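Me: I'm new to reading protein structures and would like a close look at one part of this one. Could you start from a single pair of residues and lead me outwards from there in one connected answer?

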Amino acid sequence: MSRKALIAANWKMYKTPAEAQAFVDAFLPMVQGHTRDEIALFPSPVLLPTVIPACKGSHVAVGAQNIHFAEEGAYTGETSIGQLEAVGGTHTLIGHSERRQYFAETDEIVNKKLHTALKHGIVPIVCIGEVLEEREAGKTASVLKTQASGAFAGIASLAPQAIASIVIAYEPVWAIGTGRTATPEIAADAHRIIRAEVEKLLGANVAAAMRILYGGSVKPDNIAKLMAEEEIDGALVGGASLKPDSFTAIVKY
Ligand code: PGA
């Protein structure tokens with residue numbers, strides 16, 4: 001089964017609107033005509049009204065790093081899915097490890113957000129991954145299975161088209177922002193565990209078609225080896241996505 005790769009930039013809490021505009025101005029010409037992979041940018045919410053119009057008409061998608069699960073309400077500081085849609089965003093990250101670690105997002109919250117995104121036709125990238133202590137204690141497989149089954153609760157009964165839009169990002173927390181990338185073999189092993197769990201939860205066809213990205217210290221010099229693994233269907237890139245030339249080098253691995 002061939003899966004189209006998705007290379008995604010997670011800008012985290014970086015860039016002003018002017019810096020975001022400058023990135024897009026430099027980046028789009030460099031990836032023009034590059035249709036082998038899907039490309040998506042995930043800027044802070046305040047940058048969306050800059051980045052979305054700047055990418056309009058290109059093949060570069062733009063999404064949010066986080067959305068709230070509620071349609072609207074008294075949730076100070078949060079962004080709703082309707083707000084994302086209204087400014088033209090098409091994708092969202094869900095359950096990034098920094099959200100789990102610093103903002104107490106649980107598998108249950110991740111699940112609610114996934115339901116909200118799918119209801120609105122927003123493409124979700126569900127992030128899962130173990131922390132170092134879990135890996136060292138031999139708990140990686142059980143953590144990944146728990147996170148996947150938690151995220152996908154109640155998803156099996158949704159429309160096939162909605163389910164097919166789901167993307168997973170495997171991001172071992174010990175590899176994020178540390179310069180310590182998982183080896184391609186370690187990443188591929190984790191992807192196999194996740195895909196087997198997805199097969200149990202959502203069926204063999206869904207599992208075979210679902211894209212599982214790798215994230216954690218992806219750089220221009222390690223992307224090719226990662227992408228050589230059949231199990232790895234793209235990358236979620238933090239630090240190395242902030243500069244147009246470095247992110248372009250990753251996109252064009
Ligand atoms: P990194 O971040 O590439 O800087 O390790 C990846 C991520 O957090 O999505």
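Reply: Let's start with Ile39, whose bridge partner in strand S3 is Val60. Please keep in mind that the model is a predicted one. This pair belongs to a set of 3 bridges that join S2 (residues 38-42) to S3 (residues 60-64), and the two strands run parallel. As general background, strands of a sheet pair through backbone hydrogen bonds, in either a parallel or an antiparallel way.

What packs on the sheet here, touching S2 and S3? Helix H2 (residues 48-55) does, and its direction makes about 160° with that of S3. A second helix, H12 (residues 244-251), also packs on the sheet, where it touches S2 along with strand S1 (6-10) and strand S8 (234-237). The direction of H12 makes about 155° with that of S1.

Now look at the other pairing of S2. S1 and S2 pair in the parallel sense too, over 5 bridges. One example to find on your screen is Ala9, which has Leu41 as its bridge partner in S2. S2 itself is mostly covered, with 4 of its 5 residues buried.

If you step back, these strands turn out to be parts of a closed barrel of 8 strands, which runs S1-S2-S3-S4-S5-S6-S7-S8 with parallel pairing. On average, neighbouring strands of this sheet are turned by 25° against each other, direction ignored.

Let's walk to another part of the barrel. Strand S6 (residues 167-170) pairs with S7 in the parallel sense over 4 bridges, and in this pairing Ile168 stands opposite Ile212 of S7. S7 also pairs with S8 in the parallel sense, over 2 bridges; here Tyr214 has Ala235 of S8 as its bridge partner. Is S7 enclosed or open? Since 5 of its 5 residues are buried, S7 is largely enclosed by the rest of the structure. In a regular strand, side chains alternate between the two faces of the sheet. You can follow this along S7: Arg211, Leu213 and Gly215 point one way, Ile212 and Tyr214 point the other way, and all of them are buried.

The loop between S7 (211-215) and helix H11 holds Ser217. This residue is not a glycine, yet its phi is positive, near 55°. Most residues other than glycine have a negative phi. Ser217 counts as buried because its relative accessibility is 8%, and the cut-off for buried is under 20%. Lys12 also has a positive phi, of about 50°, although it is not a glycine. You will find Lys12 in the loop between S1 and helix H1.

Back to H12, the helix that touches S1, S2 and S8. With 6 of its 8 residues buried, H12 is largely enclosed by the rest of the structure. Those buried residues are Pro244, Ser246, Phe247, Thr248, Ile250 and Val251. Among the elements that cover them are S1, S2 and S8, and also H1 and H11 (223-227).

Phe247 has aromatic company: together with Trp11, Phe23 and Phe27 it forms one aromatic cluster. How many aromatic pairs does the structure hold? There are 4 of them. In one pair, Phe23 and Phe27, the ring centres are 5.2 Å apart and the planes meet at 40°, so the pair is tilted. Both residues lie in H1 (residues 17-31), 4 residues apart, which is about one turn of the helix. An α-helix has 3.6 residues a turn, so residues three or four places apart point the same way. Are these two residues buried or exposed? Phe23 counts as buried at 2% relative accessibility, and Phe27 is buried as well, at 0%.

Two further rings are worth a look, this time for the charges that sit over them. Arg36 lies over the face of Tyr253, 3.9 Å from the ring centre. In the other case, the charged end of Lys112 sits over the ring of Phe69, at 4.4 Å from its centre.

Conventions:
Residues numbered from 1 in each chain as written. Predicted model: local features only at pLDDT ≥ 70, side-chain atom pairs only at ≥ 80, totals over all residues. Heavy atoms only, no water. Phe/Tyr/Trp six-rings, centres within 6.5 Å; stacked < 30°, edge-to-face > 60°. Buried < 20%, exposed > 50% of the residue type's maximum accessible area, 1.4 Å probe, protein only. Lys NZ or Arg CZ within 6 Å of the ring centre and 35° of its normal. Pairing = 2+ DSSP bridges. Axes fitted to C-alpha atoms, helices over the stretch in contact; angles between N-to-C directions. Contact = heavy atoms within 4.5 Å.
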